[in-house]
Amino acid sequence: MRKVKHRMSKKFTAWSLFLAVVFMIGSTLLGTAAAKRISSIEFGQNVMVEGLESEKDTLGLVNFLLIGVDAEGDRSDTIMLFSVDGYSKRINILSIPRDTRVQFGSNYEKINASIAIGKQEVAAGRLNEPEELLIQKVKNLTGLPIDYFVSVDFNGFMEIIDALDGVEFNVPYDMDYDDPVQGLHIHLEAGQQHLSGKQAHDFVRFRHNNDMSAPGEYIMGDVGRIYWQQTFMKELIAQKLAPQYLARINSIFEVINRNVRTNFTMQDLLKYVSFIEEIDPASIKSYRIAGEDQYINGVSYYIYDGDGTTKLIHDVFLPRSEAEWQEEQAKKAAEATATPAPTDQKKDSIQTNASANKQSNNKTTTADKSGSGMKIDER
């Protein structure tokens, strides 16, 4: 049996760790002294790359490209665009599957090869940093600007969880999986419990059991796994939004500095902290670029759907200025106040047609339910 199809991912969603840390820090900025203390801390290895947008003075729509890389730093197995809209208080996440087929010169490869190819381009003197090629590809696929990038090596994930005293979590299913090649051994029992760093690491990496059974949502593959990763991270964030964790920021950032490359600074975080404090983690929504899985010459790819992605970007991720946002809100308010109450004649018409429409509405409702789709997470 081939291991590739069912092998556990070495990484989990990059945005999760980044978001957990940002929320935790934001919640502790309770005064000038705390702010000054945090501003002196480095947020990972600061790297300046080409292809990013100019720094904004105000928080309109800001996009973070979050990259989860393997231990060697060659494969970007997690690629997510984290979109923050300060005017509407929206946070949306756009996932780019690692198997997305893209073109490099005259050849086609999976997009998760971008970092390795980027390293070759750096060695040849054609790029300054390996992440620049991936940033280029994501901008081409989405048509969206990118303000910041965060590249995360998750070797420090267990250390961070332990530094935060672990997390209380209700594990949904018994989990038993062993992969001697990776040195991965997952053995968790279902139920409410206190997860250590290792146990939390095992939970977010789980996909199926040794007998290939996939309990509950895991039967949906990556979609199900992402659902439980997001559930775990939201619970972690909710538990760690407390001032006492300020005292541990130095030890936490020692771990981050060994595992993160980014152009995001503590000064950037301080600029956005008032917005961070207003975010409800449960309101974060996740999407995936449009496309479908397909085998080409025996290789599994995710084939990008340009039209479907353009519509998604327009409906959810389209950048807007503050003036456009205010105009949209004013228009909605005007429409709400301008809606007239039904006249007696309209009421009579509604009553006359009610019985005729009832059967048709019932049929439509049934059809809508049977044809409804599913996003990754809209909780």
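These exercises, with worked solutions, concern a predicted model of one protein chain.

**Exercise 1. The chain as a whole**

Task: State how many helices and strands the chain has, and describe its burial, contacts and surface.

Solution.
- Step 1. Start with secondary structure. The chain holds twelve helices and 15 strands.
- Step 2. Turn to burial. Of the 379 residues, 46% are buried.
- Step 3. Look at contact range. Take the contacts with a separation of 6 or more; residues 24 or more positions apart account for 71% of them.
- Step 4. Finish with the surface. The accessible surface is about 19100 Å². Carbon and sulfur atoms contribute 49% of that area.

**Exercise 2. Helix α6 and its internal salt bridge**

Task: Decide whether helix α6 is mostly covered or mostly open, then characterise the pair Asp202 and Lys198.

Solution.
- Step 1. Helix α6 spans residues 197-205. Seven of its nine residues are buried, and the helix is mostly covered.
- Step 2. List the buried residues. They are Gly197, Ala200, His201, Asp202, Phe203, Val204 and Arg205.
- Step 3. Examine the charged pair. Asp202 and Lys198 form a salt bridge, with 2.8 Å between the closest N and O atoms.
- Step 4. Place the pair. Both residues sit in α6, four residues apart, about one turn of the helix.
- Step 5. Compare the partners. Asp202 has a relative accessible area of 4%, so Asp202 is buried. Lys198 counts as partly exposed because its relative accessibility is 44%.

**Exercise 3. Salt bridges between distant parts of the chain**

Task: Work out which elements are linked by the pairs Asp74 with Lys119 and Lys110 with Asp99, and classify the exposure of each residue.

Solution.
- Step 1. Note the total. The model has seven salt bridges.
- Step 2. Take Asp74 and Lys119. Their closest N and O atoms are 2.8 Å apart. This pair links distant parts of the chain, 45 residues apart: Asp74 is in the loop between β2 (61-69) and β3 (76-85), and Lys119 is in helix α3 (residues 114-123).
- Step 3. Classify both. Asp74 has 27% relative accessibility and is therefore partly exposed. Lys119 is at 34%, so Lys119 is also partly exposed.
- Step 4. Take Lys110 and Asp99. The closest N and O atoms of this salt bridge are 3.5 Å apart. The pair also links distant parts of the chain, eleven residues apart: Lys110 lies in strand β6 (residues 107-110), and Asp99 in the loop between β4 (90-95) and β5 (101-104).
- Step 5. Classify these two. Lys110 is partly exposed at 23% relative accessibility. Asp99 is partly exposed, with a relative accessible area of 23%.
- Step 6. Add the network. Salt bridges link Glu129, Glu131 and Arg261.

**Exercise 4. A charged patch**

Task: Identify the residues of the negative surface patch, then explain why Asp176 meets the exposure requirement for a patch.

Solution.
- Step 1. Name the members. The negative patch consists of Asp174, Asp176, Glu189 and Asp211.
- Step 2. Locate one of them. Asp176 belongs to strand β9 (residues 175-179).
- Step 3. Apply the cut-off. A patch residue needs over 30% relative accessible area. Asp176 has 36%, so Asp176 meets that requirement.

**Exercise 5. Three strand residues and their contacts**

Task: For Gln45, Ser76 and Val167, give the strand, the exposure class and the contacts beyond four places in sequence.

Solution.
- Step 1. Gln45 is in strand β1 (residues 45-46). Its relative accessible area is 36%, so Gln45 is partly exposed.
- Step 2. Gln45 touches Asn257, Arg258, Val260, Arg261 and Thr262. Gln45 and Asn257 are 212 residues apart in sequence, yet their C-alpha atoms are 5.8 Å apart.
- Step 3. Ser76 is in strand β3. Ser76 is buried because its relative accessible area is 0%.
- Step 4. Ser76 contacts Ile67, Gly68, Val69, Arg98, Ile111, Asn112, Ile115 and Leu134.
- Step 5. Val167 is in strand β8 (residues 167-171). Val167 has a relative accessible area of 0% and is therefore buried.
- Step 6. Val167 contacts Gln193, His194, Leu195, Phe232, Leu236 and Gln239.
- Step 7. Relate Val167 to helix α6. Ala200 is one of the buried residues of that helix. Val167 and Ala200 are 33 residues apart in sequence and 7.9 Å apart in space, C-alpha to C-alpha.

Key. Residues are numbered from 1 along each chain as its sequence is written. This is a predicted model: local features need pLDDT of at least 70, side-chain atom pairs count only at pLDDT 80 or more; totals for chains, interfaces and linings use all residues. Side-chain values use heavy atoms; hydrogens and water are left out. Buried means under 20% relative accessible area, exposed over 50%, partly exposed in between (1.4 Å probe, protein chains only). Helices (H or I, at least four residues) and strands (E, at least two) are DSSP runs, numbered from the N terminus. Patches are made of residues with over 30% relative accessible area and no salt bridge: like charges are joined within 9 Å, nonpolar side chains (Val, Leu, Ile, Met, Phe, Trp, Tyr) within 5 Å. Accessible areas come from the Shrake-Rupley method with a 1.4 Å probe; for residues, only the protein chains shown count as cover. A salt bridge is a side-chain nitrogen of Lys or Arg within 4 Å of a carboxyl oxygen of Asp or Glu. Lys and Arg count as positive and Asp and Glu as negative; His and the chain ends are not counted. The place of a charge is taken as NZ of Lys, CZ of Arg, CG of Asp or CD of Glu. Contact means heavy atoms within 4.5 Å.
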